[in-house]
Amino acid sequence: MRNERHDERLSDEELELFLQFLHRFANHDLDLYALIQVGDPEHPAYVSFSRTPEAGIDPSAYRRP
């Protein structure tokens, strides 16, 4: 694995830190994904990711600073 910024090979310590970070990040995302799937079967919640708001949603409510 290479450091593209400096065009050099990652040291063993850098690679180990990267893999630890990647593992923590993946575990965190998987935990969040599992939480999204769980819920009350009688009142499901749906999550969608899109670059455009759904019909009836005011786009100004989601403006970024």
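**Exercises on a predicted model**

At a relative accessibility of 56%, R9 counts as exposed, where exposed means over 50% relative accessible area, buried under 20% and partly exposed in between, with a 1.4 Å probe and protein chains only. The model is predicted, so that local features need pLDDT of at least 70 and side-chain atom pairs count only at pLDDT 80 or more, while totals for chains, interfaces and linings use all residues. Residues are numbered from 1 along each chain as its sequence is written, and side-chain values use heavy atoms, with hydrogens and water left out.

**Exercise 1.** Determine which side chain meets that of R9 in a salt bridge.

*Solution.* Begin with the criterion, which asks for a side-chain nitrogen of Lys or Arg within 4 Å of a carboxyl oxygen of Asp or Glu. The side chain of R9 meets that of D12 at 3.9 Å, N to O, and this distance satisfies the criterion. The structure holds one salt bridge. As for surroundings, D12 is exposed, its relative accessible area being 58%.

**Exercise 2.** Classify the aromatic pair of the structure and place its members in the secondary structure.

*Solution.* Rings of Phe, Tyr and Trp (its six-membered ring) pair if their centres lie within 6.5 Å, and planes under 30 degrees apart count as stacked, over 60 as edge-to-face and the rest as tilted. The structure holds one aromatic pair. F21 and F25 form this pair, and with 6.3 Å centre to centre and 20° between the planes it is stacked. Both residues lie in helix α1 (residues 12–37), four residues apart, about one turn of the helix. F21 is partly exposed at 49% relative accessible area, and F25 is likewise partly exposed at 45%.

**Exercise 3.** State the order of the secondary structure elements and the share of residues that count as buried.

*Solution.* Helices (H or I, at least four residues) and strands (E, at least two) are DSSP runs, numbered from the N terminus. The protein has one helix and two strands, and along the sequence these follow the pattern β-β-α. Of its 65 residues, 2% count as buried.
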